[in-house]
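Colleague: Please take a close look at a single part of this model, and set it against the rest of the chain. Where the backbone does something unusual, include that as well.

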Amino acid sequence: MRRVTRREFLAALSAAAVTGAHASAQTDGRRLKNWAWMRGAVPPLDEWRGQLSAMKAAGIDAILITGSPEFFQRIIPPARAEGVDLHAWFPTMMRGESAQAHPEWYAVSRAGVSTAVKPPYVPYYKFMCPSRDEVRQYLAGVVRDLAGVEGLVSVHLDYIRYPDVILPVALWPKYNIVQDKEYPPYDFCYCDVCRARFKKASGVDPTEIADPAANRAWLQYRYDTITEVVSLLADEAHARRKLLTAAVFPTPAIARALVRQDWTKWKVDAVLPMIYNGFYKEDVAWVERATREGVQALGGRIPLYSGLYVPDLPPADLAEAARRAFAGGASGVSVFQGNTLTLEHWTALSAVLRPQERGR
Ligand SMILES: [Zn+2]
């Protein structure tokens, strides 16, 4: 896809400003910040800076991107020069790189299959087990290295969860699968450590639970193991004066049901729920309802930024989704992903996001 130049972008913005003035979001004094998840290679640094400049003009304040500490040391100065915050986005539990050296670190399904050997759904779905001390220490090291980078704003957790015991409904046909309830090949984790820890706490071996989906203690155990990992990683980030942020499933209820995330309890500084309406066969209006559920559950403790899935949103719908997010109480939006928006997307979105339109 052709990248939009800054000049084209600014020209389109001034044209849109006339019609966009009525689009200002209701924000009730919230401190607003808008984000973009970015993938792919970063261009030469002068081009990168131009790209960020255009995105900043559209109302984007923060970029979430994946890379090594050295990568961030290189790209942070041009981003700071444009007033854009950088956040180190990384997959947390879903990491295949230790599957050869430490297969025992990987989660085991109720069918007895390890993700190190046969991952569910797709070959890269190699999830580690959150109960294991070795896994926790390994992840703490990853966060420690990233959080040590001068000028980085946060470490951003993605895949901070179990594998989907149930996929979002719109994905079922893609995998030729019906998940009307929890099935053993997708239900995790039943490794030796999880079984022993839960048995010690409850007296029950999880492999002997007749209906695991209805067993509150076993569900809670798994919510808690993820929450414990988040707390550990938060301590690592905070010790280096960095924030911890996380991409999470769209609402607290869906997150618990599909991937065992109890994210309203987490020790993070902000959440970015992926409120991807198309994945759940919902319309754009759902973005507002889902946002409100999360905001109310958090009770103002930390800000929530609504993640929007651009491939499912034509430009006008993207703008409407952003308005819905603000109406639902979001402190901003985050677009997935920043390099795929067309000029029409940016023009429509910026009418909602730009500070002068937001009345601050
Ligand atoms: Zn386990």
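Modeller: pLDDT is the predictor's confidence in each residue, on a scale from 0 to 100. The chain averages 93 on that scale, and 90% of the residues score at least 70. This is a predicted model, in which local features need pLDDT of at least 70 and side-chain atom pairs count only at pLDDT 80 or more, while totals for chains, interfaces and linings use all residues. Residue numbers start from 1 along each chain as its sequence is written. Over residues 17–26 pLDDT stays under 50. The model has 16 contacts beyond four places in sequence for that stretch, a contact being a pair of residues whose C-beta atoms, placed from the backbone, lie within 7 Å. Where pLDDT is low, the predicted coordinates should not be read in detail.

The part I take is helix α9, after a short view of the chain. There are 11 helices and 8 strands, counted as DSSP runs from the N terminus (helices H or I, at least four residues; strands E, at least two). The radius of gyration, taken over C-alpha atoms, is 21 Å, close to the 21 Å that the globule rule (2.2 Å times the number of residues to the power 0.38) gives for 360 residues, so the chain is as compact as a globular protein of that length. Along its principal axes the C-alpha trace spans about 65 × 40 × 35 Å. Of the contacts with a separation of 6 or more, 77% are between residues 24 or more positions apart. Buried residues make up 45% of the 360; a residue is buried if 20 or more other C-beta atoms lie within 10 Å of its own, exposed if 12 or fewer, and partly exposed in between.

Helix α9 covers residues 315–327, which is 13 residues. From its first C-alpha to its last it reaches 19 Å, close to the 18 Å expected at 1.5 Å a residue; the expected span is 1.5 Å times one less than the number of residues. Of those 13 residues 10 are buried, so α9 is largely enclosed by the rest of the structure. The buried set is Asp317, Leu318, Ala319, Glu320, Ala321, Ala322, Arg323, Arg324, Ala325 and Phe326. What covers them includes α8 (286–298), β7 (306–309), β8 and α10.

Within α9, alanine 322 is the residue to follow. Not counting residues up to four places away in sequence, Ala322 touches Leu308, Val333, Leu349, Val352 and Leu353. A nonpolar core is a set of buried Ala, Val, Leu, Ile, Met, Phe, Trp, Tyr and Cys residues joined through C-beta atoms within 7 Å. The largest one has 100 residues, and those with the most contacts inside it are Ala107, Ala246, Leu308 and Ala322. In soluble globular proteins, nonpolar side chains tend to be buried together.

Just after α9, glycine 329 takes a positive phi of about 105°. Further along, a cis peptide bond joins phenylalanine 336 and glutamine 337, with omega about -15°. Glutamine 337 lies in the loop between β8 (333–336) and α10 (343–353), and β8 and α10 are among the elements that cover α9.

Helix α2 (residues 45–57) serves as a reference. Its 13 residues should span 18 Å at 1.5 Å a residue, and its end C-alpha atoms are 18 Å apart, which agrees. Its buried residues are Gln51, Leu52, Ala54 and Met55. Seen down the axis of α2, these fall within an arc of 160° (taken from the directions from the axis to the C-beta atoms), so they line one face of the helix. Glycine 59, just after α2, has a positive phi of about 110°.

As for the backbone elsewhere, most residues other than glycine have a negative phi, and most peptide bonds are trans. Phi of tyrosine 121 is near 70°; this residue sits in the loop between β3 (85–91) and α4 (133–147). Tyrosine 159, in the loop between β4 and α5, has a phi near 50°. With 15 C-beta neighbours inside 10 Å, tyrosine 121 counts as partly exposed, and tyrosine 159, with 18, is partly exposed too. A cis peptide bond with omega about 0° joins phenylalanine 188 and cysteine 189, and cysteine 189 lies in the loop between β4 (154–158) and α5 (192–202).

Methods:
Contact = placed C-beta atoms within 7 Å.
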